[in-house]
Structure formats: structure tokens, C-alpha cells
Amino acid sequence: MQTLALSFLAGIFAANATPHFIKGITKEHFPTPFGSGPLINLLAGWAMYGIAALLAIAAHISTHPMPALASAALGVLVIGVFHATIGAFGKGQAPKPGNDHRLNRQ
């Protein structure tokens, strides 16, 4: 059960890291709880990849490789569907740089 749970979380973190990391290295804005700037996204994506790797190591995937792979794939699917529908902030799409109200607070 631990292998399945940790593999599922590793899938979620790895899949969620991808858009943040890509937006960061392409200098584009994308929402995070900490702002939407490229550097924040690069760091968030990098950190999530690291967390995913640690979760995969802790999952001991080699003991149950097929269930672990299926569980990780399910995690990727779940976070993908989440972002493709309601998204992290319930808006269904990433805000444009000028429309990110969190950046306009003073």
C-alpha cells in the first residue's frame, strides 16, 4: 500500500512540475501560490521534480514495479485532468500576465 500511495504522489508531483518548469525556462508567467513570475515557476518546478524523485525512491518501486507504475500513471492523469478542467485557482486557464490580480496587490 505504501508503494502505491508514494508512487501516486510521485506521479502527481512530477506531472505538476512540468508546466511550471517549462514556463520558468521560457520566461513566461504561470500561476503559483507564490506569484506567477518565471523565476518562481522555475524554482517551483525544480522543487517538485526533486520531491517526485524522493517520493519515487521512498516508494521502493522495484518491489512492485507494475502496480507502482500504474499508480504513478494514475497520479499523472489525476493532476492532468485537474489542470485541464478547473485548474489550480478554479479559473480553467492560466491568467495573462496583466490579468494576474495577485501581482497587482499593493
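A residue counts as buried under 20% relative accessible area, exposed over 50%, and partly exposed in between. Keep that scale in mind for this predicted model, beginning with its salt bridge.

**A charged pair**

At 35% relative accessibility, Glu28 falls between the two cut-offs and is therefore partly exposed. Its partner is Lys23: the two side chains meet in a salt bridge, with 2.7 Å from N to O. Lys23, at 25%, is partly exposed as well. Side chains of opposite charge can pair when their charged atoms come close. The count for this model comes to 1 salt bridge.

Here are the partly exposed residues of this report side by side.

| Residue | Relative accessible area |
|---|---|
| Lys23 | 25% |
| Glu28 | 35% |
| Val81 | 44% |

**A nonpolar patch**

Val81 belongs to helix α3, which covers residues 65-84. Together with Leu74, Leu77 and Val78, Val81 forms a nonpolar patch on the surface, and the accessible area of the four adds up to about 340 Å². Val81 itself is partly exposed, because its 44% lies between the 20% and 50% limits.

**The second largest pocket**

Helix α3 also turns up in the second largest pocket: α1 (2-25), α2 (38-58) and α3 each supply at least two residues of its lining. The volume of this pocket is about 160 Å³. Among the lining residues are Asn16, His20, Met48, Phe82 and His83, along with Pro31, Thr32, Pro33 and Phe34. What classes of residue make up the lining of the second largest pocket? There are 8 nonpolar and 4 polar residues, and no charged ones.

Terms used. Residues numbered from 1 in each chain as written. Predicted model: local features only at pLDDT ≥ 70, side-chain atom pairs only at ≥ 80, totals over all residues. Heavy atoms only, no water. Patch = residues over 30% accessible without salt bridge, like charges linked within 9 Å, V, L, I, M, F, W, Y side chains within 5 Å. Areas by Shrake-Rupley, 256 points an atom, 1.4 Å probe, with all protein chains shown as cover. Helix = DSSP H or I, 4+ residues; strand = E, 2+ residues; numbered from the N terminus. Buried < 20%, exposed > 50% of the residue type's maximum accessible area, 1.4 Å probe, protein only. 1 Å grid on protein atoms, 1.4 Å probe; cavity = no way out; pocket = protein on both sides within 12 Å on 5 of 7 lines; lining within 4 Å. Points joined across faces, edges and corners; volume = space filled by probe spheres on them. Nonpolar A, V, L, I, M, F, W, Y, C, P; charged D, E, K, R; others polar.
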